Amino acid sequence: MIIILHPDISDKSPEFQQVIDYLANRPNIKTRVHQVAGALRTVTEIYVIGDTQSLDKTEIEGLAAVERAVRVSEEYRVVGRHKDDTREAGFNYNGVRFGQDTLNVFAGLCAVDVPEHVEAMMKALRDHDQVCTRMGAYKPRTNPYSFQGHGKSCLPWVFELAGKYGIKVISMEITHDSHLDEIREALQKTGAPTGVMLQIGTRNTQNFELLKCVGRQRDFPVLLKRGFGITLEESLNAAEYVASAGNNMIVFGLRGMKTNMGDPHRNFVDFSHVPVVKRLTRMPVCIDPSHSVGSREYAPDGIPDVFHVTAQGVIAGANMILVDFHPVPKKALVDGPQALLLEELPWFLDDVTIARAAYEKRQQSSQRYAARA
Ligand code: PEP
Ligand code: MN
């Protein structure tokens, strides 16, 4: 059960204490208090676990501090979408809204290499009114001898360049909790010219200690990628790890699944699950067409596969796109073959706009037909 308090109730007030005392007197009940920062207001929620069936919802809703109580199913208590659950979905971060109704593009380098390439990317983004990017400083590589990313040494200049070009959010993978401190320190040193979304990669979806670590902090939102070889339920439970530790600023990322089918794509594209994740949870859903497709291959219609699958995700309601670009893909240190060219950025954005408009039309159509039914 989740007990949502009135927005003006402080955790020092007697009304708050009354709720805690009420719950403390029940057998087999545990509570955890969370502050949830939404777009419009910050609310206190009390997550109640244990023998919640024995609790009287009406009685709880009668307590002065309580706005309402929601019974949640066992699964995805915090990130899930539950019956009679009108809690706000999504969050604002550094001036950017992330919801199940918005769409943000994070085009950028898979891995940070040299300042010239990072600057060229950011300038192109600014020139096309983009305020988000992806920049990998810590790279989890299959081969231990491959380039592992520049790590903390590149953070100050990457953040400064982001500030120079008006980038508000950089999606950046971390693979260890120490990376969080390094990012914090570099932001502090540079005067926080930008914001960071912590990316948990597909290889770390079930690194539970890392999940708890990004969940315990609330400075940065988290992009949690689906594990490429585990069930959707297991990946959604990974998101629940982050949320139950205290951070519910989570975007869930689809990035293709490993199959034993091999070609044509690097991973089996799973963007048909966009509406599924939106139905099961309140998280905004990201698609990563680059790591799904893995190449710059064109279809006979003249459209690259990366564009095609992006459009498929967007027309199904995706809320974020993480996509690899590079000014000189041949010189990219990681994933050059799948990087789109900077010259292709306006075309890509245009294609996204077409797909988004089609999605919005489909939504309007569904409302018209629902009204008639
Ligand atoms: C990435 O986005 O750079 C990445 C490594 O993705 P994934 O974790 O999906 O492989
Ligand atoms: Mn990559």
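Trainee: Looking at Cys286 in this predicted model, why does the sulfur of Cys286 form no bond with the closest cysteine sulfur?

Mentor: Good place to start! The closest cysteine sulfur to that of Cys286 belongs to Cys132. A disulfide needs the two sulfur atoms within 2.5 Å. This pair is too far for a bond, because the sulfur-to-sulfur distance is 11 Å.

Trainee: And from the other side, which residue holds the cysteine sulfur closest to that of Cys132?

Mentor: Seen from Cys132, the gap to the closest cysteine sulfur is again 11 Å, too far for a bond. The residue holding that closest sulfur is Cys286.

Trainee: Then how many disulfides does the model have?

Mentor: The cut-off to apply is a sulfur pair within 2.5 Å. Under that rule the count of disulfides is zero.

Trainee: Are Cys132 and Cys286 buried or exposed?

Mentor: The limit for buried is under 20% relative accessible area. Cys132 has a relative accessible area of 2%, and for Cys286 the value is 2%. So Cys132 is buried, and Cys286 is likewise buried.

Trainee: Let's go to the metal. Which protein residues are donors of the manganese ion (ligand 2)?

Mentor: The donor atoms lie 1.9 to 2.2 Å from the ion. They are an SG, an NE2 and an OD atom, and along the chain their spacing reads C-x180-H-x43-D. In that order, the residues are Cys110, His291 and Asp335.

Trainee: How many residues apart are His291 and Asp335 along the chain?

Mentor: His291 sits in helix H9 (residues 289–293). Asp335 is in the loop between strand S14 (320–324) and helix H11 (345–372). The pair links distant parts of the chain, with a separation of 44 residues.

Trainee: Are His291 and Asp335 buried or exposed?

Mentor: Again the cut-off is under 20% for buried. His291 has a relative accessible area of 8%, while Asp335 comes in at 19%. So His291 is buried, and Asp335 also counts as buried.

Trainee: Staying in helix H9, which residue has its backbone nitrogen reached by the side chain of Ser290?

Mentor: Ser290 lies in helix H9 and is buried, with a relative accessible area of 0%. The side chain of Ser290 reaches a backbone nitrogen at 2.8 Å. That nitrogen belongs to Asp324.

Trainee: Now the enclosed spaces. What is the volume of the largest cavity?

Mentor: There are two cavities of 30 Å³ or more. The lining of the largest cavity includes the metal donors Cys110 and Asp335, as well as Asp324. By class, that lining has seven nonpolar, two polar and two charged residues. The space inside the largest cavity is about 40 Å³.

Trainee: Which element gives the most to the lining of the second largest cavity?

Mentor: This cavity holds about 30 Å³, and among its lining residues are His34, Gln35 and Val36. Its lining has four nonpolar, five polar and no charged residues. With three residues, the element that gives the most is S2.

Trainee: What about open pockets: which residues are closest to the centre of the largest pocket?

Mentor: The largest pocket has about 340 Å³ of space. Its lining numbers 22 residues, divided into twelve nonpolar, four polar and six charged. Strand S2 (29–37) and strand S3 (42–50) each give two or more residues to it. Closest to the centre are Val36, Arg87, Glu88, Asn248 and Arg282.

Trainee: And for the second largest pocket, which element supplies the largest share of the lining?

Mentor: That pocket has a volume of about 300 Å³, and the residues closest to its centre are Ile49, Arg77, Val78, Glu240 and Ser244. S2, S3 and helix H7 (232–244) each supply at least two lining residues. The largest share is four residues, and the element behind it is H7.

Trainee: One last pair: how far apart in space are Pro115 and Trp157, C-alpha to C-alpha?

Mentor: Pro115 is in helix H3 (residues 115–127) and is partly exposed, at 35% relative accessible area. Along the sequence, Pro115 and Trp157 are 42 residues apart. In space, their C-alpha distance is 7.6 Å.

Note on methods:
Residues numbered from 1 in each chain as written. Chains lettered and ligands numbered in written order. Predicted model: local features only at pLDDT ≥ 70, side-chain atom pairs only at ≥ 80, totals over all residues. Heavy atoms only, no water. Buried < 20%, exposed > 50% of the residue type's maximum accessible area, 1.4 Å probe, protein only. 1 Å grid on protein atoms, 1.4 Å probe; cavity = no way out; pocket = protein on both sides within 12 Å on 5 of 7 lines; lining within 4 Å. Points joined across faces, edges and corners; volume = space filled by probe spheres on them. Nonpolar A, V, L, I, M, F, W, Y, C, P; charged D, E, K, R; others polar. Donors = N, O, S within 2.8 Å, 3.2 Å for Na, K, Ca; no water. Polar contact = N/O pair within 3.5 Å; in protein donor to acceptor, adjacent residues only side chain to side chain.
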